[in-house]
Amino acid sequence: MIQKKTELPQIFESFGEARKNGFLAMKKMKDNGKGVVGQFCSYTPLEIFMAAGLVSVGLCSTSDETIPEAEKVLPANLCPLIKSSYGFAITDKCPYMYFSDLVVGETTCDGKVKMYELLAKKKNVHILELPRRQDTPEAKALWRAELVRLKERVEKDFGAAISDEHLRDAIHRRNIERRLLKELYELSTMAPPPITGLRQLQILFGSQFKFNWDEKVAEIQNAIDSIRAAYEAGERPVPADVPRILITGCPMGGVTEKVVKVIEEAGAVVVAFENCTGAKPMDRQCREEGDPLTNIADHYLQIGCAVMTPDNNRFELLGRLCEQFQVNGVVEMTLQACHAYAVEAHSVKAFLQEKGIPYLQLETDYGSADIGQLSTRAGAFVEML
Amino acid sequence: MIKASVGIDCGSASCKGVLLQEDAVLASCVQSTGWSPRETSRAVLEQLLAKTGLARENVHIVATGYGRVSIDFAQRAVTEITCHGLGADYLLPGVRTVIDIGGQDSKVIAVEAGQVRSFQMNNKCAAGTGRFLEMSANRMGIDLAEFASLLPEGKSCSLSSMCAVFADSEIISLLAAGKSREEVAGGIIQLVVDRAVALAARVESSPPILLTGGLAGMEGLRIALERQLGQPVAASDLSRFAGAIGAARTYWMRKARK
């Protein structure tokens with residue numbers, strides 16, 4: 001069994017208020033005996049941690065603050081998400097990374113895989129081998145075996161026993177959460193939408209940092225109810241005639257909010273996110289009858305991401321969302337050096353061209369140097385719709 | 001009462017202004033942007049008003065270019081991409097592709113009846129921009145006009161570096177190795193053209209093609225572009241004002257729609 005970290009980092013006092021609160025909230029949970037698992041990717045099966053009574057938290061760090069530190073080790077022209085994640089790990093500046101007893105990585109891209117090897121020198125790391133096919137029996141078998149291996153690792157590291165009953169209960173609870181988040185973002189199918197895209201993203205992103213499940217679902221339900229009530233009372237935060245945009249591409253949140261901001265400042269509204277913070281992991285429900293581990297494995301493997309080949313599920317979802325949300329244009333955000341998404345952008349463009357939906361690709365990183373150019377591009381795109 | 005519209009295209013290198021009455025350009029003016037886009041834009045506006053004798057309250061002002069956000073006296077701001085589309089259609093009615101090589105950006109815009117259909121811009125990098133040419137000319141100890149005069153020779157040499165900083169040291173090496181200024185200038189223009197052609201390929205450009213932006217008057221550049229694209233590339237005396245004309249036109253287009 002591993003030794004759980006409960007003391008605060010030495011640089012704690014110099015931290016900003018929000019992060020200080022994050023540290024204190026996390027410390028309280030640790031003091032109450034909770035184990036914490038940090039993860040980076042939507043493919044990570046959270047049900048396994050939930051079934052073990054652990055807290056899980058997304059570590060895909062979304063700020064450029066620690067990138068200079070990371071660049072002492074990692075190449076500068078690497079994806080900012082990888083550099084930021086690693087930087088937060090080695091500087092103890094992220095409460096979630098700092099207090100993670102176990103960090104679960106996955107083989108979604110070469111940069112991440114190699115970064116995890118370096119990270120393993122600092123943290124307790126477990127890597128899931130993710131296949132790149134979603135439809136073959138071999139891929140499905142490999143992925144299920146990987147989840148068995150993860151379950152055994154969690155049981156060993158945290159001294160927990162994970163029964164099928166625990167897993168079934170976790171699937172059920174996660175399904176409730178997925179259904180609620182889907183209900184929330186689907187509010188923006190209304191015309192005009194009841195919330196801006198920035199607000200939607202902030203709620204979706206923020207929900208990842210609520211660690212008490214009961215409180216989390218209550219808060220999401222509350223958000224849905226209050227947004228709906230305000231709308232019914234006649235509140236219209238978005239004018240009826242502005243172009244409706246869907247964002248697709250790399251994971252969003254944190255500083256990448258800048259992309260939503262430039263689009264909405266240009267006079268459009270973002271109604272949907274076909275991203276990992278958004279529809280990608282929330283669109284489908286996990287099967288509840290039958291072997292729970294098989295169900296979890298099947299469920300996660302079907303997420304449509306550019307790391308898959310072929311990536312049919314992404315296009316199916318993208319096409320469906322464009323119709324459901326009645327979008328006037330699609331903006332793809334790719335992070336610098338994210339080859340899988342950057343290359344697939346060509347296919348996304350062709351796919352949308354066939355549907356007659358205007359498309360714009362924006363490449364960016366976690367810095368603010370490109371805001372002027374982003375706003376010119378986004379502005380011109382909105383002007384042409 | 002509004003009698004005319006003023007378009008101010010405040011770019012990173014120069015600030016262009018035109019005063020437009022319906023379809024007639026009554027005055028134009030260009031000034032180096034300098035350190036204050038707002039003050040330079042104000043000076044450009046004053047000159048346009050002085051040239052036409054119109055009062056401030058008789059004009060509607062539309063700003064574009066990177067400095068558009070700081071022009072607080074404009075009634076509206078529109079991106080330079082939309083403006084170049086509209087301006088190019090004014091200069092060459094029926095234009096389908098606009099190649100704009102500006103101070104810090106180069107763009108290729110596909111248009112139909114002045115409306116932008118799609119566009120491509122260089123990333124945050126000076127390769128292939130006016131700034132790149134200016135730096136290269138400086139390195140050769142000449143100004144842009146002299147640089148342009150070296151091009152009609154049609155001489156060229158191969159430069160491999162797309163990066164403005166690396167190209168700078170490559171230019172030094174080539175000159176040191178005895179290449180003529182004509183050859184080096186030709187090589188530099190080829191880099192700019194290659195970059196523009198790569199952008200054009202991504203917007204599936206079609207003729208007629210118009211070259212706009214501050215470098216549109218550089219005949220050697222236009223000819224090199226034609227050669228590489230295998231299609232005629234037009235330029236107009238007012239090409240550098242395309243963005244400003246487009247900005248001024250947005251007023252009349254909106255008015256016509258109402």
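User: What relative accessible area does A:Ala337 have, and how should that value be read?

Analyst: The value places a residue on a scale from buried to exposed: under 20% is buried and over 50% is exposed. A:Ala337 has a relative accessible area of 25%, so this residue is partly exposed. The model is a predicted one, and the values given here are computed from it.

User: Where in chain A does A:Ala337 lie, and what is its phi?

Analyst: Most residues other than glycine have a negative phi. A:Ala337 departs from that pattern, with a positive phi near 70 degrees. It is located in the loop that runs between β7 (329–335) and α15 (339–355) of chain A.

User: Which phi does A:Asp92 have, and in which loop is it found?

Analyst: A:Asp92 also has a positive phi although it is not a glycine; the value is near 60 degrees. Its loop joins α4 (80–91) to α5 of chain A. With a relative accessible area of 27%, A:Asp92 is partly exposed.

User: Which residues does the cis peptide bond of chain A join, and which does that of chain B?

Analyst: The general expectation is that most peptide bonds are trans. In chain A, the bond between A:Thr309 and A:Pro310 is cis, with omega about -5 degrees. A:Pro310 sits in the loop between α13 (292–301) and α14 of that chain. In chain B, a cis bond leads from B:Pro207 to B:Pro208, and its omega is near -5 degrees. B:Pro208 belongs to the loop between α6 (181–202) and β9 (209–212) of chain B.

User: How many salt bridges does the whole structure hold, and which residue pairs with A:Glu47?

Analyst: Side chains of opposite charge can pair when their charged atoms come close. Over all chains, the search finds 44 salt bridges. In one of them, A:Glu47 pairs with A:Arg178, with the closest N and O atoms 3.0 Å apart. This pair links distant parts of the chain, since A:Glu47 is in helix α2 (residues 46–51) and A:Arg178 is in helix α8 (residues 164–185), 131 residues apart. Both A:Glu47 and A:Arg178 are buried.

User: Which residue meets A:Lys216 in a salt bridge, and are the two buried or exposed?

Analyst: The partner of A:Lys216 is A:Glu177, at an N to O distance of 3.0 Å. A:Lys216 is in helix α10 (residues 213–232) and A:Glu177 in helix α8 of chain A, so the salt bridge ties together parts 39 residues apart in sequence. Both residues of this pair, A:Lys216 and A:Glu177, are buried. Salt bridges also link A:Glu47, A:Arg174, A:Glu177, A:Arg178 and A:Lys216 into a network.

User: Which elements does the salt bridge of A:Arg314 connect?

Analyst: A:Arg314 forms its salt bridge with A:Glu274, and their closest N and O atoms are 3.2 Å apart. The connection runs from helix α14 (residues 312–324), which holds A:Arg314, to strand β6 (residues 269–274), which holds A:Glu274; the two residues are 40 apart in chain A. A:Arg314 and A:Glu274 are both buried.

User: How many aromatic pairs does the structure hold, and how are the rings of A:Phe23 and A:Tyr98 arranged?

Analyst: Two quantities describe such a pair: the distance between ring centres and the angle between planes, where over 60 degrees counts as edge-to-face. The structure holds 10 aromatic pairs over all chains. The centres of A:Phe23 and A:Tyr98 are 5.7 Å apart and their planes are at 80 degrees, so this pair is edge-to-face. A:Phe23 is in helix α1 (residues 17–31) and A:Tyr98 in helix α5 (residues 95–99), 75 residues apart in chain A. A:Phe23 is buried, with a relative accessible area of 0%, and A:Tyr98 is buried at 4%. A:Tyr98 also pairs with A:Phe99, with centres 4.9 Å apart and planes at 80 degrees, so that pair too is edge-to-face. Elsewhere, A:Tyr96, A:Phe205, A:Phe209 and A:Phe211 form one aromatic cluster.

User: What area is buried between chain B and chain A, and which strand gives the largest share of the side of chain B?

Analyst: The size of an interface is often given as the accessible area lost when the parts come together. Between chain B and chain A that area is about 1300 Å², with carbon and sulfur atoms giving 45%. The contact involves 17 residues of chain B and 16 residues of chain A. There are zero salt bridges between the two chains, whereas seven residue pairs are in polar contact. On the side of chain B, α2 (80–91) and β8 (115–121) each supply at least two residues. The largest share, five residues, comes from β8(B). By class, this side of chain B has five nonpolar, five polar and seven charged residues.

Note on methods
Residues numbered from 1 in each chain as written. Chains lettered and ligands numbered in written order. Heavy atoms only, no water. Contact = heavy atoms within 4.5 Å. Buried area = accessible area lost by both parts, 1.4 Å probe. Salt bridge = Lys/Arg side-chain N within 4 Å of Asp/Glu carboxyl O. Polar contact = N/O pair within 3.5 Å; in protein donor to acceptor, adjacent residues only side chain to side chain. Helix = DSSP H or I, 4+ residues; strand = E, 2+ residues; numbered from the N terminus. Nonpolar A, V, L, I, M, F, W, Y, C, P; charged D, E, K, R; others polar. Buried < 20%, exposed > 50% of the residue type's maximum accessible area, 1.4 Å probe, protein only. Phe/Tyr/Trp six-rings, centres within 6.5 Å; stacked < 30°, edge-to-face > 60°.
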